[in-house]
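Colleague: Please take a close look at the ligand site in this model. I would like to know what surrounds the ligand, and how the sheets and cysteines are laid out.

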Amino acid sequence: MRTNSLIKMERHHIIDLDDFSQEEIALIFATTDAMKEILSREIRRVPTLRGKTIVTLFYEPSTRTRVSFELAAKNLGADVVNVTSSTASVAKGESIIDTMRTLEALGADVIVIRHFQSGVPCLMAQHLQISVINAGDGCHAHPSQALLDLYTIREKLGHIEGLKVVIVGDILHSRVARSNIWGLSAMGAQVVLCGPPTLIPQELRRPQPLKGGECPFPPLTIQENLDRALEEADVVMVLRLQKERQEGGLLPSLREYIQLYQLNSARLSRAHLHALVMHPGPMNEGIEITPEVAHGPQSVVEDQVTNGVAVRMALLYMVTGGKG
Ligand code: CP
């Protein structure tokens, strides 16, 4: 593979986008472009990661992320081993650190981990020599999803800087929203959060400066009225209502949620005509989004899924040192 347009920056782990610069994200886009070119060929495989072993370790269900990391690794010639919590020795009481150390001792070069608890991938990265990629941890972060979202926006609209991006729904429980806030802000977009007051966390409402004056999140606009939020929007990112993570009392009723926050055709007409409709999936059609909008002309949901493979190829290439 020619490397002249590819990533030169070194990053051993990918845990979140909070420390990614605009330049680094632009380099990931350039590498993703090169990966898309490979995927457009008749034979969609290169031997760049031949001899490397990628392990996917998932403690939560996943279709898109797990399959696209597996395809990404195979497209680059790596060996792939899939481990789920029900088949791993964690089911016999082994700690996650011991599981990860065992995978490292068995010769894994990269571990792609999804975990229901926030912070697990970060902890693993501190204990392992090999690369760790966060495939979604609790409500904390989902960096590869946010990168494929950013890439899709740039692909469809040509740029990200200056766009108004409305993220609507269950922000409290959304790792996708948190990683997108970092990524979109780094790329110069205006981020508007919209959802019921109980599903917008305090940490995003009024970011408190940390010691040293640093803010935990970049500046955001909160608009609880969806009709107003959608005015002049360039991108509408709809989040899944995470019914499995709802604690008692946060949501008065599903009916009220649908009435106030469902993205339907009438509401979407308030946004720009060119506005993209995005959803990380899986979608609850009929709850946060209507089927007409989910599969309508403005929807780029399938493009997001397709781009996920190329973006994850770029990330695997990056953490393994970008040699090939
Ligand atoms: N967007 C996303 O993370 O989907 P999966 O849960 O199917 O991986």
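Modeller: This answer starts at the ligand, moves out to the two sheets and ends with the cysteines.

Keep in mind that the model is predicted. Nine names make up the surroundings of the ligand: S62, T63, R64, T65, R114, H142, Q145, P280 and G281.

Three of these offer polar contacts to the ligand. T63 uses a polar backbone atom, which sits 2.9 Å from an oxygen atom of the ligand. Q145 uses its side chain instead: an N or O atom there is 3.1 Å from a ligand nitrogen. G281 comes in through its backbone, with a polar atom 3.3 Å from a nitrogen atom of the ligand.

Now take S62. It sits in the loop that links β1 (53-58) to α2 (64-75). Is S62 buried or exposed, and why? It counts as buried because its relative accessibility is 19%, and the cut-off for buried is under 20%. The side chain of S62 has two polar contacts to backbone nitrogens further along. One goes to R66, at 3.1 Å. The other goes to T65, whose backbone nitrogen is 3.4 Å from a polar atom of that side chain. T65 itself is also among the residues around the ligand.

Strand β1 leads into the first sheet to look at. That sheet is open, has four strands and pairs them in parallel, in the order β2-β1-β3-β4. Its edges are β2 (79-84) and β4 (131-137), each with pairing on one side only. From one strand to the next, the average twist is 15 degrees. Inside the sheet, β1 is joined to β3 (residues 110-115) by five bridges in the parallel sense. T56 is bridged to V112 of β3. Helix α3 (residues 96-105) lies across β1, β2 and β3. Relative to β3, α3 runs at about 155 degrees.

The other sheet is also open and parallel, with five strands in the order β7-β6-β5-β8-β9. Here the edge strands are β7 (221-222) and β9 (276-278), and each of them pairs on one side only. Three parallel bridges connect β9 to β8 (residues 235-238). M237 faces M278 of β9 across this pairing. Helix α6 (residues 175-186) lies across β5 (164-168), β6 (190-194) and β8. Its angle to β5 is about 175 degrees.

Last, the cysteines. How many disulfides does the structure hold? The count is zero. C139 is in no disulfide, and its nearest cysteine sulfur belongs to C122, 16 Å away. C194 is in no disulfide either; for C194 the nearest cysteine sulfur is that of C139, 19 Å away. A disulfide needs two cysteine sulfur atoms within 2.5 Å. C194 counts as buried because its relative accessibility is 0%. C139 counts as partly exposed because its relative accessibility is 22%.

To return to the ligand: its polar contacts include the backbone of T63, the side chain of Q145 and the backbone of G281. S62, also around the ligand, turns its side chain to the backbone nitrogens of T65 and R66.

Technical notes: Residues numbered from 1 in each chain as written. Predicted model: local features only at pLDDT ≥ 70, side-chain atom pairs only at ≥ 80, totals over all residues. Heavy atoms only, no water. Pairing = 2+ DSSP bridges. Helix = DSSP H or I, 4+ residues; strand = E, 2+ residues; numbered from the N terminus. Contact = heavy atoms within 4.5 Å. Axes fitted to C-alpha atoms, helices over the stretch in contact; angles between N-to-C directions. Buried < 20%, exposed > 50% of the residue type's maximum accessible area, 1.4 Å probe, protein only. Near = heavy atom within 4 Å. Polar contact = N/O pair within 3.5 Å; in protein donor to acceptor, adjacent residues only side chain to side chain.
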